[in-house]
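I set out to record how the protein chains meet the DNA strands and each other. The entries follow the order of my look-ups.

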2 protein chains.
Amino acid sequence: MSVAIENFVKAIYSNNLQDHNNTKPGNIAKKLGISNAAATDMAKKLAAKNLLHYEKYQALQLTDKGTKLALNVVRKHRLWESLLFKMFDMSLHEIHREAEFLEHETSDFLADKISEYLGHPKFDPHGDPIPNANGEITTEDTSISLAQAVEGKAYVISRLISDDEEFFDFCQHNGLKFGNTVFIKKQFSKTKMTQVTVFNNTLLLNEDFTNIIYVNEIE
Amino acid sequence: MSVAIENFVKAIYSNNLQDHNNTKPGNIAKKLGISNAAATDMAKKLAAKNLLHYEKYQALQLTDKGTKLALNVVRKHRLWESLLFKMFDMSLHEIHREAEFLEHETSDFLADKISEYLGHPKFDPHGDPIPNANGEITTEDTSISLAQAVEGKAYVISRLISDDEEFFDFCQHNGLKFGNTVFIKKQFSKTKMTQVTVFNNTLLLNEDFTNIIYVNEIE
DNA sequence: ATAATTATTTAAGCATACTTAAATTTTAAT
DNA sequence: ATTAAAATTTAAGTATGCTTAAATAATTAT
């Protein structure tokens, strides 16, 4: 499968996780930086390859084959991130940027070597689960977004779901890091802002942030 | 530059090393597994991009820009081979196979990280020199091919210039390995065969082999 | 030197993955 | 319910990197 196809199914896969399986060509076009027309075009082609179900004006649904392909690419992406993060002094944004290309040129053989070397990690440096060699995500995810977190409680950051350099920079500079503890000070229902503390740092986060920072409750 | 272009200039570069700067479209076509027509076509396109000098029916000559691009890709290829060889239990053929793809999707930034991690190695696991970040090969190569070696003398294997799995398997099974000592027993001028010993192993090698096994004289 | 072989080039065509512009359908607003 | 806005689709066109077939030039053999 080509790079374009791999990126297309990957985009559908990740978009459907957030967007309640209501991903349409326009969403993918925006994600991939291509025109809506190109996305529609590709959707038809992939339907012919049995990678997704396509019906005019309807949401794009990956077939089992399509999901497997997406998870195979996601696996390679996250394994590369894990390897680069462990070996080199690279930021979350940098490992993502490199993995975005390497993921398409990695044989299953090499992916397994990387996984083995790392001791078959279950999560990447962002906290995202790494699918196994069969394309299955076995670890159940009990984390919630900061937006769903409850005032007055403390949580451990488990995932930072983003590709954005500025976001990672912000997190880096404010202690919003995988494993760190955040305390939810106050939630403002009207503005949808959330005030949190990380160590001695107090932050006011808007929806854009609270939706992509995932946390686990502290027992 | 695209993968096709990178492979094209790389093929010219490596072919010109062996073929005395007499590389024509047909040679490249054969190397890359494309038609002669496609090679001629590409040569014209790359001339327009100032990557090579093209004149009808003449040999293809890389420009400085073309050579720099080729060496940049070669650098990445050999750094990947070095990294994969060091970290994983992979054969010379396997590291080559993977590097062939990874080389095109590696930023200069990542290449430098790999180089740094490895302590800026001068040679890859095949014994081939690794160009530096400026695309220069600083180490002078004093090695000669086994075909040029002298009867009765002992040499140390310094390079195995090949992409071929079977060749590597043969070498593996017969002690023809980077760093090992070979003794030139007898050369047959008519058949161009060479009889050598490696440890207690006696081998009769034809031209195909003696031309791609490089050695250094023992002082 | 000439003929035969081989290599190169030209020409026409194809698949992939995009583009823009226009038409159509859906969704949202009033 | 009707209109306005937004999204989707269709249609036509483009660049890249190939293909095969035919024409042309260069090389090799006799």
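I began with the surface near DNA strand C, where α3(A) gives the largest share, five residues. I took a residue as near a strand if one of its heavy atoms lies within 4 Å of it. Helices are DSSP runs of H or I with at least four residues, strands are runs of E with at least two, and both are numbered from the N terminus.

Before going on, I noted that this is a predicted model, in which local features need pLDDT of at least 70 and side-chain atom pairs count only at pLDDT 80 or more, while totals for chains, interfaces and linings use all residues. Residues are numbered from 1 along each chain as its sequence is written, chains are lettered from A and ligands numbered from 1 in the order in which they are written, and side-chain values use heavy atoms, with hydrogens and water left out.

**Entry: DNA strand C**

I listed 22 residues around DNA strand C, of which S2(A), K24(B), K44(B), Y54(B) and Y57(B) come nearest. Which part of the strand faces the protein? Of the strand C atoms within 4 Å of the protein, 74% belong to sugar or phosphate and the rest to bases.

I then looked up polar contacts (pairs of N or O atoms within 3.5 Å; within protein, one must be able to donate a hydrogen and the other to accept it, and residues adjacent in sequence count only if both atoms are side-chain atoms). Phosphate oxygens of strand C lie 2.8 Å from a polar backbone atom of G26(B) and 2.6 Å from a polar backbone atom of Y57(B). For Y54(B), an N or O atom of the side chain is 2.7 Å from a phosphate oxygen of strand C. Two or more residues of this surface come from each of α3 (36-48) of chain A, α2 (25-32) of chain B and α3 (36-48) of chain B.

I sorted the surface near strand C into 10 nonpolar, six polar and six charged residues. Here Ala, Val, Leu, Ile, Met, Phe, Trp, Tyr, Cys and Pro count as nonpolar, Asp, Glu, Lys and Arg as charged, and the others, Gly among them, as polar.

**Entry: DNA strand D**

Around DNA strand D I found 22 residues, with K24(A), K44(A), Y54(A), Y57(A) and S2(B) nearest. Sugar and phosphate make up 73% of the strand D atoms that come within 4 Å of the protein. A phosphate oxygen of strand D is 2.7 Å from a side-chain N or O atom of Y54(A), and one lies 3.1 Å from a polar side-chain atom of K56(A). From chain B, the side chain of Y57(B) has an N or O atom 3.1 Å from a sugar or linking oxygen of strand D. The largest share of this surface, five residues, comes from α3(B).

**Entry: the two chains**

I superposed chain B on chain A by least squares on the C-alpha atoms of residues with pLDDT of at least 70 in both. A rotation of 180° with 0.0 Å of shift along its axis does this, with an RMSD of 0.1 Å. That is the relation of a two-fold axis. L102(B) has the chain B C-alpha nearest the axis, 3.2 Å from it.

With contact meaning heavy atoms within 4.5 Å, 20 residues of chain B touch 20 residues of chain A. The copies meet through the same surface, because 100% of the interface residues of chain B are also interface residues in chain A. I recorded four residue pairs in polar contact between the chains, both residues at pLDDT 80 or more.
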